[in-house]
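Me: Could you take me through this structure by way of a few questions, with the reasoning laid out in each reply?

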Number of protein chains: 2
Amino acid sequence: MDRDQCLALDAEDPLRAFRDEFVLPDGVIYLVGNSLGALPRRTAERVRRTVEDEWGRHLVGGWNHSGWYDQPLTTGDRLAPLIGAGPGQVVVGNTTSIAVFQAVAAALKLRPERRVIVSDARNFPTDHYMVQGLAGLLGGPERGYEVRDLAEGRFDDAAVVLLSEVDYRTGARQDVPAVTAAAHAAGALIVWDLCHSVGAMEVDVSAADFAVGCTYKYLNAGPGAPAFLYVNPRHQAAAENVLSGWHGHAEPFAFEPGFRPAEGVRRFAVSTPHVLSFAALEAALDIWERVPMPLVRAKSMALTALFVDLVGDRLELASPADPAARGSQVSLRHPDGYPVMRALIDHGVHGDFRAPDILRFGFAPLYIRYADVHDAATTLLEVLDKELWKDGQYATRLAVT
Amino acid sequence: MDRDQCLALDAEDPLRAFRDEFVLPDGVIYLVGNSLGALPRRTAERVRRTVEDEWGRHLVGGWNHSGWYDQPLTTGDRLAPLIGAGPGQVVVGNTTSIAVFQAVAAALKLRPERRVIVSDARNFPTDHYMVQGLAGLLGGPERGYEVRDLAEGRFDDAAVVLLSEVDYRTGARQDVPAVTAAAHAAGALIVWDLCHSVGAMEVDVSAADFAVGCTYKYLNAGPGAPAFLYVNPRHQAAAENVLSGWHGHAEPFAFEPGFRPAEGVRRFAVSTPHVLSFAALEAALDIWERVPMPLVRAKSMALTALFVDLVGDRLELASPADPAARGSQVSLRHPDGYPVMRALIDHGVHGDFRAPDILRFGFAPLYIRYADVHDAATTLLEVLDKELWKDGQYATRLAVT
């Protein structure tokens, strides 16, 4: 496909108007929206309002007047449709790592006779680290708490399985329905990590017991934007939040000496929400409420397929060949991946590198065009042709400048 | 003391210039800086810079270019002098509740032969709730994990004591040196909660094993600003962060499957910092770097003493009578405290109410003047004279409007 054909596709793209809602620096093709989404144009004013009007004028009154207190739930309800959840099922706040800790600890409490946590080695490492910390806190192997790799395929004594829907390195979609069914058949619960799927594809979270995810990738809510935690309604009455802070209390302003959990998903709120970071999430959700997710997924698959086609066999594809088996990202392998990516960034195409040899390219369908994909692939091939990194020369130049 | 004398004190106040650095709404005397500090004038621009320049222009490059990645440590180092700590001893992020969980869990791991957590009933309730959640996670009383009230005065089998330096309700300073010495003599560790002391008085944290606190009260870092966690250097090599997220890893970007703690206090960083909220903290610290804390404490004591003198015996003093025994707040008791406070706020004097009968007035020395104290006390006495709340009439009126 040549550039004119790509431009024609862009002209008839039903999502094309969304690109205008983002700030995109001149001369940059930004293919890192799978790591940190671009800035929506409306965000600066929304954050300014929170700082100057809500905080500056209403001061502590902002907790009620500006809805800060309920923001973990109100933004949760706004985000819920993006993962196939309903109102009262999602709470927003803290970070994905902390949400993983809450979800896995809650699952362990719901399966008190079991002590094994199954975690997929392809999960983003912080997921592993958090369950390792939790297992260690509970006494570790001496007390039977073990973190087992999903690849062993053994769930019979597992309390909970932790699985990312999309692999952060390769972009491969895991077979979530099959793993979920197997976990449930074995009496285990399952926690889905949706960091790399929310905003990139339709998600139906209803089969999961818990789910977590971040809002700063495809959702464009900004660096360090708050995470979300989904609690399936069937667990809400029994599930415990071990990070039982006052915002999860039934009556936080009664200042009772003992923790008494709030009804519903609110009990998983921990403490004072990061209000400025929530403001940027609110601005991002103003966009997402208008986004037809089936069109996002269709365009996403078309963009990744186009990129793979244009790159051809010049680099080994680390992602699945079938677009339907990928998230919204393409990963390529190159033994000099780091200097190749540095050279590519110098030429205006921004992807990222994940050790040892993965070049990652994320395609956020709201602001990446077919022509961008064409230009990115062309530039990548040009950079490869120049072989700047040959014999480590480019790496050396980078190291000394 | 009459109003002219107060104006004279303001004219010679060595801290008077700091008031100009804050946005304070017309017609409001804001005595809730002990709950949410006022907005510094410089903050809006600092946050705008993070949103539009750092995020908008540098996108994911902001993690390095704009120093986001190291912000938990760089802001920790900037904040450290306010609590008598040195570089490499404080990490910023998350919330006070989560920092309490980290600190108490780390202390339990350092005292594996002990299972009792002593918590002061006067601590802010979320501190209790978090240790209750932790004790419950570890198996609760069945496994010997118990949360005991400090009032029992028994530390012999305690792993850790959790103590607030200043009582959030009454403003009373606890005898931190005595409790710390007693805890240490009994072989227990101690965690200080500095939420109501940092920015209100000089703090020397060096006797504590761990300390936590928030930055949104006297430090003026904004609603939901990140919390801080101090780890005494003598524990840094051995202390474990049970919330072992990737930002506490020795090499987070090596994406290793196993958690390997970073050297020093960085291991207590958990995961992606809330960058927008950090921007407001940076702006606040720009002010605090120029603030002489002994003058803050001196003015604080003078302001609270003046308020107590002017109110006289019209209301029961819930705070200690000696200014040196208080934080920067005065608490008064009234059986109709809630409607009294509502009436007072209607008259432009903003304090807050804490059940069952406490009227709280916080005096942030950077922006509260002696004349403000005079006017606040005068208005309070006028409101009391009008007896709007008599027989519950004011309460009733509020309830129906």
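**Salt bridges and the chain A–chain B interface**

Reply: In this predicted model, A:Asp372 has a relative accessibility of 7% and therefore counts as buried.

Me: Which residue does the side chain of A:Asp372 meet in a salt bridge, and is that residue buried or partly exposed?
Reply: The side chains of the pair meet at 3.1 Å, N to O, and the residue facing A:Asp372 is A:Arg369. Because its relative accessible area is 34%, which falls between the cut-offs of 20% and 50%, A:Arg369 is partly exposed.

Me: Which residue plays the part of the partner of B:Asp372 in a salt bridge?
Reply: B:Asp372 is at 6% relative accessibility and so counts as buried. Its partner counts as partly exposed, at 33% relative accessibility. The two side chains meet at 3.1 Å, N to O, and the partner is B:Arg369.

Me: How many residues apart are A:Asp385 and A:Arg314, which link distant parts of the chain?
Reply: Their side chains meet in a salt bridge of 3.1 Å, N to O. A:Asp385 counts as exposed because its relative accessibility is 52%, whereas A:Arg314 is partly exposed, with a relative accessible area of 41%. A:Asp385 sits in helix α11 of chain A and A:Arg314 in the loop between α9 and β11 of that chain, and the separation is 71 residues.

Me: How many salt bridges are counted between chain A and chain B?
Reply: A search of the whole structure finds 66 salt bridges over all chains. Between chain A and chain B, there are 27 residue pairs in polar contact, both at pLDDT 80 or more. For salt bridges between chain A and chain B, however, the count is 0.

Me: Which element gives the most residues to the side of chain A that touches chain B?
Reply: In the contact between the chains, 74 residues of chain A meet 74 residues of chain B. The residues on the chain A side divide into 45 nonpolar, 23 polar and 6 charged. Elements that give two or more residues to this side include α2, α5 and α8 of chain A, but the most, 10 residues, come from α6(A).

Me: Which residue of chain A does B:Ala221 touch?
Reply: B:Ala221 lies in the loop between β9 and β10 of chain B, and it counts as buried because its relative accessibility is 2%. Not counting residues up to four places away in sequence, B:Ala221 touches B:Thr215, B:Tyr216, B:Ser277, B:Ala280, B:Leu281 and B:Ala284, and from chain A it touches A:Trp55.

Notes: Residues are numbered from 1 along each chain as its sequence is written. Chains are lettered from A and ligands numbered from 1 in the order in which they are written. This is a predicted model: local features need pLDDT of at least 70, side-chain atom pairs count only at pLDDT 80 or more; totals for chains, interfaces and linings use all residues. Side-chain values use heavy atoms; hydrogens and water are left out. Contact means heavy atoms within 4.5 Å. A salt bridge is a side-chain nitrogen of Lys or Arg within 4 Å of a carboxyl oxygen of Asp or Glu. A polar contact is a pair of N or O atoms within 3.5 Å; within protein, one must be able to donate a hydrogen and the other to accept it, and residues adjacent in sequence count only if both atoms are side-chain atoms. Helices (H or I, at least four residues) and strands (E, at least two) are DSSP runs, numbered from the N terminus. Ala, Val, Leu, Ile, Met, Phe, Trp, Tyr, Cys and Pro count as nonpolar, Asp, Glu, Lys and Arg as charged, and the others, Gly among them, as polar. Buried means under 20% relative accessible area, exposed over 50%, partly exposed in between (1.4 Å probe, protein chains only).
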